[in-house]
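Okay, everyone, thanks for coming. Let me put the structure up, and then we'll walk through some helix packing and a pocket.

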Amino acid sequence: MFSQQVPQMGEVAGRARPPRSRGYAPLEVSPEQDAALDAAVALAGPGRVVVLDLDGCLFDSRPRIIHLLRELAGREGFLELYAVQPQHFVDWDLRATLLRAGIGAERAAGLAVEGQAWFNDRFFRSDRVLHDHAMPGAPPFVWSLYTAGATLVYLTGRHEDMRPGTEQALANAGFPWNRPRVHLLMKPDVRTEDTHFKGEALREVCLLGQPCVFFDNEPANVNLFSTAHPEALVVFVETDHSPRPDQPAAGLPWVRGFLRQAERPGCLAP
Ligand SMILES: [Mg+2]
């Protein structure tokens, strides 16, 4: 249905895509990213549904992790954890993150055990998501999809207990929220596996209109969407993702974030 309207954004000429995400670079821009964002807006319209992930997609979740590490540092005196900065996150390997922050190997291994337990118990709490901030350019981009007439579905791996914080975070960040044609679909509980939930949720998404655009940072999720809706524009957001071995299917467009070339101030380093 949409294939004629979507520009061909497969392999970039002369540039092989990395097999896995290189970590967040939300200020990076490119002609290919412009094309993907423009194509999404062109596809958005009445009767159509845009499906948007939250963590690692519309929201940069690194501040939440840093906050948790500093909570732990403050409580336990693990002062090395204050060295961790956003640029040290590339994947979900906390030990590797601590090594990038300059913490010695033996200490990093011990802190990673402590930090992972602290993280596991707190990352998926409703109030903690308020430490995230929107990816730069994401709120106006999502508004442009909404004002084009599309129905928005925020489809997240967060579970229902996190709804209050998530709704507040959407409002705080300036995303379309608490309006007609805007929906938040969450996992029923924390134990449900993310990709399984998103697959099941597609039935509900289809009741809202024709899915035309998907953005997600998890390879298994973009592959799921692309298989279920091959006519839609499915965009892989290159931030970080789970250690699962999946890779985004060939031909799917990749973006680093939601800024266009013309929007990025020259004073900002990627
Ligand atoms: Mg995500």
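So, α2 and α4: their axes come within 10 Å of each other and cross at roughly 120°. That angle is why α2 counts as oblique to α4. As for handedness, α2 passes α4 in a right-handed crossing. Keep in mind that this is a predicted model.

Now look over at another pair, α7 and α8, where α8 covers residues 219–228. How far apart are the axes of α7 and α8? They're 10 Å apart, and the two helices pack at an angle of about 25°. Because of that angle, α7 is roughly parallel to α8. The crossing of α7 past α8 is right-handed.

Okay, on to the pocket. The largest pocket holds about 780 Å³ of space. Which residues lie nearest its centre? Those are Trp92, Phe123, Phe124, Asp194 and Ser242, out of 35 residues that line the pocket.

Some of the helices I just showed you turn up again here. α2 (62–76), α4 (105–122) and α7 (194–207) each supply at least two residues of the lining of this largest pocket. So do α3 (94–100) and the strand β4 (151–159).

What's the lining made of, chemically? In the largest pocket, 14 of the lining residues are charged, 12 are polar and nine are nonpolar.

And where does the lining come from, in terms of domains? Domain 1, which is 22–60 plus 132–263, gives at least three residues to the lining of the largest pocket, and domain 2, 62–129, also gives at least three.

That's my tour, thanks for listening.

Terms used. Residues are numbered from 1 along each chain as its sequence is written. This is a predicted model: local features need pLDDT of at least 70, side-chain atom pairs count only at pLDDT 80 or more; totals for chains, interfaces and linings use all residues. Side-chain values use heavy atoms; hydrogens and water are left out. On a 1 Å grid over the protein atoms alone, a cavity is a set of points where a 1.4 Å probe fits but cannot get out, and a pocket is an open set with protein on both sides within 12 Å along at least five of seven lines; lining residues have an atom within 4 Å of a point. Grid points are joined across faces, edges and corners, and a volume is the space filled by probe spheres set on the points. Helices (H or I, at least four residues) and strands (E, at least two) are DSSP runs, numbered from the N terminus. Ala, Val, Leu, Ile, Met, Phe, Trp, Tyr, Cys and Pro count as nonpolar, Asp, Glu, Lys and Arg as charged, and the others, Gly among them, as polar. Domain bounds come from an automatic or database domain assignment. Axes are lines fitted to C-alpha atoms, for helices over the stretch in contact, and angles run from 0 to 180 degrees between N-to-C directions. Angles under 35 degrees count as roughly parallel, over 145 as roughly antiparallel, 65 to 115 as roughly perpendicular and the rest as oblique. A crossing is left-handed if the near helix is turned anticlockwise from the far one by less than a right angle, and right-handed if clockwise.
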